[in-house]
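Got the viewer open? Here is a short tour, one selection at a time.

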Amino acid sequence: MCGIVGYVGNKSVMDILVDGLEQLEYRGYDSSGVAVMCEDEIKVYKAIGKLNNLREELLKHKGEYEKSTMGIGHIRWATHGAPTVLNAHPHTCTCGNLVIVHNGIIENYKELREQLSKEGCVFRSQTDTEVVAHLVAKMYAKTKDLPKAVREATKQIDGAYALCVMHNDCKNTLVLTKRNAPLLVGIGENEFFAASDVPAIIKHTKKAMYLNDNQVVVLTPEKMILTDIEGNEISPKIELLPWEPVALSKMGYKHYMLKEIHEQPDVIRNILVGKLHAPDENIILNEVKLTKETLKNLNRIQIIACGTSLHAAMIGKYIIESFCGIAVDVEASSEYIYRKTVTDKHTLVIGVSQSGETADTLTAIKQAKAKGSHILIITNRPDSAMAREADSLVPVNAGIEVSVAATKSYTAQLMAFYLLGLYMAEIKESVPVAELNSYKAEMMLLPQKIEQILAHTEDIQKCARVYSSTKDFIFVARGINFPTALEGALKLKEISYINATGYPAGELKHGPIAMLDETMPVLSILMKGCVYEKLLSNSEEAKARNARMIALTNSKSEKLEDLFDNIIRVPEVQELFSPLVAIVPLQLLAYYIAEFLGKDVDQPRNLAKSVTVE
Ligand code: F6R
């Protein structure tokens, strides 16, 4: 949520900043801005809307910044104050000598703003960020030492922040700090990069250092000095970033979302590599540190997540309960953190997050950790804040996901749950070996089944054309695919803005059925298994109210043609694994409808990829 990029070195800075912001555009895109050190002073350029507007603005001033080799940039997802030029970052102090960009939220900004206004600071924006510019400038006026000013200012701030600071007096210096928001330094030859996420810098370097909370780093072209909040020097821990620049290309697809949907068979293969070799061999999950003893003493599992990851978590409940017979509760992290949660050392707490940075989930797992629970994290970002909190880690290896709508990371999270469930079942001996082996054999066939779906999308495209003009859409399912209905609805609403809802089909008659008439599409996720017949009856109830009926099914029955107006067929699969084949057509349906409606598929309105504010 929001993106930061910075550079100090010997190259022309503007291309590096704007290109870096483009790579972060998926994190927020309602306004953007850069500040660069020019010969005589820092110059700031901003624009509202997409990054192209900033590019156009910059073209008008080309002569001013061409030689500049240091600067900071920001792409915003508005929290405090509307997306206007004045609210766009970078923000400056009253005299304009100090410039900052910020990700996160300053919780005590009102008190600080009141105090600083009384002291004569002139505020120009409605943002929480601007108080930091004035506060650091105030400290700088006292100390004439920029890193010290940053350290002293952050001691007065409550909340979350990643900050990048420049000052007219310090022609070659960037100062960075963070608390509860990600920030890293990329290391080149006589140059350093700052970024809130890897994509902004991966083109330039794979060598990087992640800042820890309350650390301050000073970057000049020649060196990097890392200190704690008191100014004590710390030796930096430099690591190699696990990403390849090629992951950030659309590889010929029109949108990242379509590319990422098509990557799913390989994502499944990748996650199985090294973890499942053959149906009759044990699952290998070395990163899971749960001993036989701990597992036996577990009486409960809590899974916490948000959005799409929450839907994966809901399916995780079915998987773990079926395989291991341990009671599982699933909860939205944003709810978990504001009630008296009962958790202890006999509870395993699983956090699920694509980004590993979602503020609500991060707070929730920290709370559970403080109560003594073992924390297991399922994430696509083993380099994230959540991964660093983990006692056990299951990396999902989906590769970087650029489209705001999560697709391949969801599939990968489901795979992580299947692996984890089977792994725990093997340790607990809770499922007969022959049955376990049949599950493992099925898992190994999943990539081919998904490939079959991706190779024949005609029926899905036809449905997309037929239903693209609808205002509402209902997805129904039962059992393990109820969360699939929720996820199908979420995908559709977030990228097409059609009001879509998912229901457990048995609940239709308890209220939602009142909404059905000849204008309402109802999509039934009819996967063969214990709830198939029940769901068929629920679909009949909807048909009797004249709803427009669509089936997503792995049944070959021709009888379905009497009940449904449109049928999307998928390959047969054991019921427990059906969420993996059911979700792919729903992702595609959402994609084709949004594309048909001309929506901005990869960057839907009001959203951002990584939600780092609570
Ligand atoms: C929807 C979507 C969001 C995220 C949610 C959690 O397509 O992407 O609902 O799933 O913001 O994000 P992570 O998984 O990064 O914690």
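Leaving aside its neighbours within four places in sequence, which residues is Val431 in contact with? Select Val431 and have a look: the contacts are Phe323, Ala425, Leu436 and Tyr439. Keep in mind while you click around that this is a predicted model.

**Stop 1: around Val431**

Val431 sits in the loop between helix 14 and helix 15 (433-455). Its relative accessible area is 9%, so Val431 counts as buried, the cut-off for that class being under 20%. Now add Cys324 to the selection and draw a C-alpha to C-alpha distance. You should get 7.5 Å between Val431 and Cys324, although 107 residues separate the two in sequence.

**Stop 2: the ligand**

Next, pick the ligand and show what surrounds it. The shell has 14 residues, and the closest are Ser309, Ser353, Ser355, Thr358 and Glu494. Colour the shell by class and you'll find five nonpolar, seven polar and two charged residues.

Which helices each supply at least two residues of that shell? Helix 10 (307-324) and helix 17 (482-496) do. Helix 10 gives the most, with three residues.

Now zoom in on the oxygen atoms of the ligand. Try these distances:

- Ser353: an N or O atom in its side chain is 2.6 Å from a ligand oxygen.
- Thr308: here a polar backbone atom is 3.0 Å from a ligand oxygen.
- Val404: again a polar backbone atom, this time 3.3 Å from an oxygen of the ligand.

How much of the ligand does the protein bury? Taken alone, the ligand exposes 410 Å², and the protein buries 89% of that.

**Stop 3: Ser403**

From Val404, step back to Ser403. You'll find Ser403 in the loop between strand 19 (392-395) and helix 14 (408-428). Is Ser403 buried or exposed? Its relative accessibility is 0%, so Ser403 counts as buried. Show side chains and add Asp602: a polar contact of 3.0 Å joins the side chains of Ser403 and Asp602.

**Stop 4: salt bridges**

How many salt bridges does a search of the whole structure find? The answer is 28, and a few of them are worth a click.

Start with Asp266 and Arg269, whose side chains meet in a salt bridge at 2.9 Å, N to O. Both residues lie in helix 8 (residues 264-272), three residues apart, which is about one turn of the helix. Asp266 is partly exposed, with a relative accessible area of 45%, and Arg269 is partly exposed too, at 31%.

Then go back to helix 10 and select Lys317 and Glu321. Their closest N and O atoms are 3.2 Å apart, and the pair forms a salt bridge. Because Lys317 and Glu321 are four residues apart in helix 10, about one helical turn separates them. Lys317 is partly exposed, with a relative accessibility of 28%, and Glu321 is also partly exposed, at 31%.

Next up are Glu561 and Arg569, with a salt bridge of 3.3 Å, N to O, between their side chains. Glu561 has a relative accessible area of 49% and is partly exposed. Arg569, at 34%, is partly exposed as well. For a network rather than a pair, select Glu152, Lys155 and Glu230: salt bridges that share partners join these residues into one network.

**Stop 5: backbone oddities**

Most residues other than glycine have a negative phi, and most peptide bonds are trans. With that in mind, turn on the backbone.

Which residues does a cis peptide bond join, with omega about 0 degrees? Select His89 and Pro90 to see that bond. Pro90 is in the loop between strand 4 (70-76) and strand 5 (91-92).

Now go to Asn214. Asn214 has a positive phi of about 70 degrees although it is not a glycine. You'll find Asn214 in the loop between strand 11 (207-210) and strand 12 (216-219), and at 27% relative accessibility Asn214 counts as partly exposed.

Last selection: Asn546, in the loop between helix 18 (532-543) and strand 23 (548-553). Phi of Asn546 is near 70 degrees, again a positive value in a residue other than glycine.

Key: Residues numbered from 1 in each chain as written. Predicted model: local features only at pLDDT ≥ 70, side-chain atom pairs only at ≥ 80, totals over all residues. Heavy atoms only, no water. Near = heavy atom within 4 Å. Polar contact = N/O pair within 3.5 Å; in protein donor to acceptor, adjacent residues only side chain to side chain. Areas by Shrake-Rupley, 256 points an atom, 1.4 Å probe, with all protein chains shown as cover. Nonpolar A, V, L, I, M, F, W, Y, C, P; charged D, E, K, R; others polar. Buried < 20%, exposed > 50% of the residue type's maximum accessible area, 1.4 Å probe, protein only. Salt bridge = Lys/Arg side-chain N within 4 Å of Asp/Glu carboxyl O. Contact = heavy atoms within 4.5 Å.
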